[in-house]
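Colleague: I should like to learn how to read the features of a model of this kind. Please give the general idea each time, and then the case at hand.

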Amino acid sequence: YYRLVKSVDDNVGRVLDYLKESGLDKNTLVIYTSDQGFSLGEHGFYNKQWMYENPLHAPFLVKSAGVIKSGQVHESMTSHVDIAPTILDFAGVAIPEDMQGFSLKPLLLGQKEKVREASYYHFYSHGERLPEMIGVRTERYKLIHYPAMKGDYQWELFDLERDSEEMK
């Protein structure tokens, strides 16, 4: 895991160094992200499909020299469907009305604090070990539904302020 993180860090650094050395950094929007987070033993899992907090979060870093203030950290719920509208907005291109997602430009420029009140999640079953999961997360609550499961394990509701580890 360390080697993977180190390699990604080194190579993203190489790209950023090239952009700066060539002067392209002054007119380039850099977005770094991945598919989603990963469980490292939380809840007894070592994968990324569950809707618990660790695998639900994905890295999302954005850089634009002289445009976006560096060092900002936003807690706003975002989604990968926000990437395309964000790129179009920064490029000055109209965002089609039927496009899913929101531009994160107002958030990144400090003009807005959040783009959505809730986030929807749906994981379709994968073999016998990973069940279908459907859920909604708000700032404070998370509701997860496992349609194929029976009894008490079909629903989970968490108050993330009172139970940040999602254990009760």
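Colleague: Which residues form the largest nonpolar core?

Modeller: In soluble globular proteins, nonpolar side chains tend to be buried together. A nonpolar core is here a set of buried Ala, Val, Leu, Ile, Met, Phe, Trp, Tyr and Cys residues joined through side-chain atoms within 4.5 Å; buried means under 20% relative accessible area, exposed over 50%, and partly exposed in between, with a 1.4 Å probe and protein chains only. In this predicted model, the largest such core has 11 residues: W50, M51, Y52, Y121, F123, L130, M133, I144, Y146, F158 and L160. A second, separate core of six residues includes I68, L104, L107 and V115.

Colleague: Under which conditions were these features computed?

Modeller: The model is predicted, so local features need pLDDT of at least 70 and side-chain atom pairs count only at pLDDT 80 or more, while totals for chains, interfaces and linings use all residues. Residues are numbered from 1 along each chain as its sequence is written, and side-chain values use heavy atoms, with hydrogens and water left out.

Colleague: Which residues does M133 touch?

Modeller: A contact means heavy atoms within 4.5 Å. Leaving aside residues up to four places away in sequence, M133 touches Q49, W50, M51, Y121, H122, F123, H145 and Y146.

Colleague: How are the strands of the sheet ordered?

Modeller: Strands (E, at least two residues) and helices (H or I, at least four) are DSSP runs, numbered from the N terminus, and two strands pair if DSSP finds at least two bridges between them. Here an open sheet of four strands has the order 3-4-5-6, with antiparallel pairing. Strand 3 (118-123) and strand 6 (155-159) are the edge strands, each pairing on one side only. Five bridges join strand 5 (residues 141-145) to strand 6, and I144 stands opposite E156 in strand 6.

Colleague: What span does helix 1 reach?

Modeller: The expected span of a helix is 1.5 Å times one less than its number of residues. Helix 1 (residues 2-22) has 21 residues and reaches 30 Å from its first C-alpha to its last, close to the 30 Å expected. After helix 1 comes G23, with a positive phi near 80 degrees.

Colleague: Why are the buried residues of helix 3 said to lie on the same side?

Modeller: One considers the arc of the directions from the helix axis to the C-beta atoms. In helix 3 (residues 83-91) the buried residues are I83, P85 and T86. They cover an arc of only 165 degrees around the axis, which puts them on the same side of helix 3. Their cover includes strand 1 (30-33), strand 2 (60-63) and helix 4 (105-108). Helix 3 is followed by G92, whose phi is positive, near 80 degrees.

Colleague: What is the phi of E166, and is E166 buried or exposed?

Modeller: Most residues other than glycine have a negative phi. E166, in the segment after strand 6, has a positive phi of about 55 degrees although it is not a glycine. E166 is buried, with a relative accessible area of 3%.

Colleague: How many helices and strands does the protein have?

Modeller: The protein has four helices and six strands, in the pattern α-β-α-β-α-α-β-β-β-β along the sequence. Of its 168 residues, 25% count as buried.
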